[in-house]
Amino acid sequence: MKLLYGLEANIKAENDKIYTATILVKDKIGTKNLYKLVSLSYMEYFDKKPIIPFNIYKEYAKGLVIGACFSNGELYDAIINNVPDVELYNIASKYDYLEVCPVNEDERHIVKKIIDTGNNVNKIVVATGNVYYFSENDIMPIGDGGTTTIDIIKTKEVEVEKWKN
């Protein structure tokens, strides 16, 4: 088994909106660059939460890969705002891979659009579970005594066949 380092980051895009992206480490240089990005996000770009401007990410991208997250990601936002395909291709091209995850029927067209966009710009599309807990017993209380949202996916519930054309 190989340990994978990374984080779900708040990325400030060129349009000044904050999106979520996954940053993963490939090697020792990437580990150092990830630590630098985390430090900068807290020390230089903190605005109610740590933020990494995309242009700063690019300066420290060596040894890292970045994925366009699904529902809080820049590509997803562009699709739901009916951005033209050319702009979708430009957005997707900035990322090393694109993410999709199980969705309800209303969002199936978004998953298909992300897959089509990935094919058009030659980017890998990764299916994620967007799962934060192994079981309901793992849920921890937060701040005001409430709990975080739970999204537990059991393998048998994921219908891979329904995503095929």
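**Entry 1: lysine 94 and its partner**

I started with lysine 94, which is partly exposed, with a relative accessible area of 23%. I kept in mind that I was looking at a predicted model. Which residue does lysine 94 form a salt bridge with? I found glutamate 14, and the closest N and O atoms of the pair are 2.8 Å apart. Glutamate 14 is exposed, with a relative accessible area of 52%.

Next I looked up where the two partners sit. Glutamate 14 lies in the loop between strand S1 (6–12) and strand S2 (18–25), and lysine 94 is in the loop between helix H4 (85–93) and strand S5 (97–100), so their salt bridge ties together parts that are 80 residues apart in sequence.

**Entry 2: a pair in helix H5**

I then turned to aspartate 116 and lysine 112, whose side chains meet in a salt bridge at 3.5 Å, N to O. How many residues apart are they in helix H5? They are 4 residues apart in this helix, which covers residues 108–120, so about one helical turn separates them. I noted both accessibilities: aspartate 116 is partly exposed at 30%, and lysine 112 is partly exposed too, with a relative accessible area of 42%.

After that I checked for shared partners, and found that salt bridges join Glu14, Glu74 and Lys94 into one network.

**Entry 3: glutamate 105 and arginine 108**

Here I wrote down another salt bridge, between glutamate 105 and arginine 108, with the closest N and O atoms 3.4 Å apart. Glutamate 105 is exposed, at a relative accessible area of 52%, whereas arginine 108 counts as partly exposed at 27%. I also looked up the count for the model, and it comes to 6 salt bridges.

**Entry 4: a glutamate without a salt bridge**

My last stop was glutamate 99, which has its place in strand S5. Is glutamate 99 buried or exposed? I found it buried, and it has no salt bridge. The nearest side chain of opposite charge belongs to lysine 123, 14 Å away. A salt bridge needs the nitrogen and the carboxyl oxygen within 4 Å, so lysine 123 does not make one with glutamate 99.

What does the side chain of glutamate 99 join through a polar contact? I found the side chain of threonine 22, at 2.9 Å. Leaving out residues up to four places away in sequence, I listed what glutamate 99 touches: Thr22, Ala68, Cys69, Phe70, Ile114, Val126 and Thr128. Threonine 22 thus turned up in both of my look-ups, as the polar partner and in the list of touching residues.

Definitions and conventions. Residues are numbered from 1 along each chain as its sequence is written. This is a predicted model: local features need pLDDT of at least 70, side-chain atom pairs count only at pLDDT 80 or more; totals for chains, interfaces and linings use all residues. Side-chain values use heavy atoms; hydrogens and water are left out. Helices (H or I, at least four residues) and strands (E, at least two) are DSSP runs, numbered from the N terminus. Buried means under 20% relative accessible area, exposed over 50%, partly exposed in between (1.4 Å probe, protein chains only). Lys and Arg count as positive and Asp and Glu as negative; His and the chain ends are not counted. A polar contact is a pair of N or O atoms within 3.5 Å; within protein, one must be able to donate a hydrogen and the other to accept it, and residues adjacent in sequence count only if both atoms are side-chain atoms. Contact means heavy atoms within 4.5 Å.
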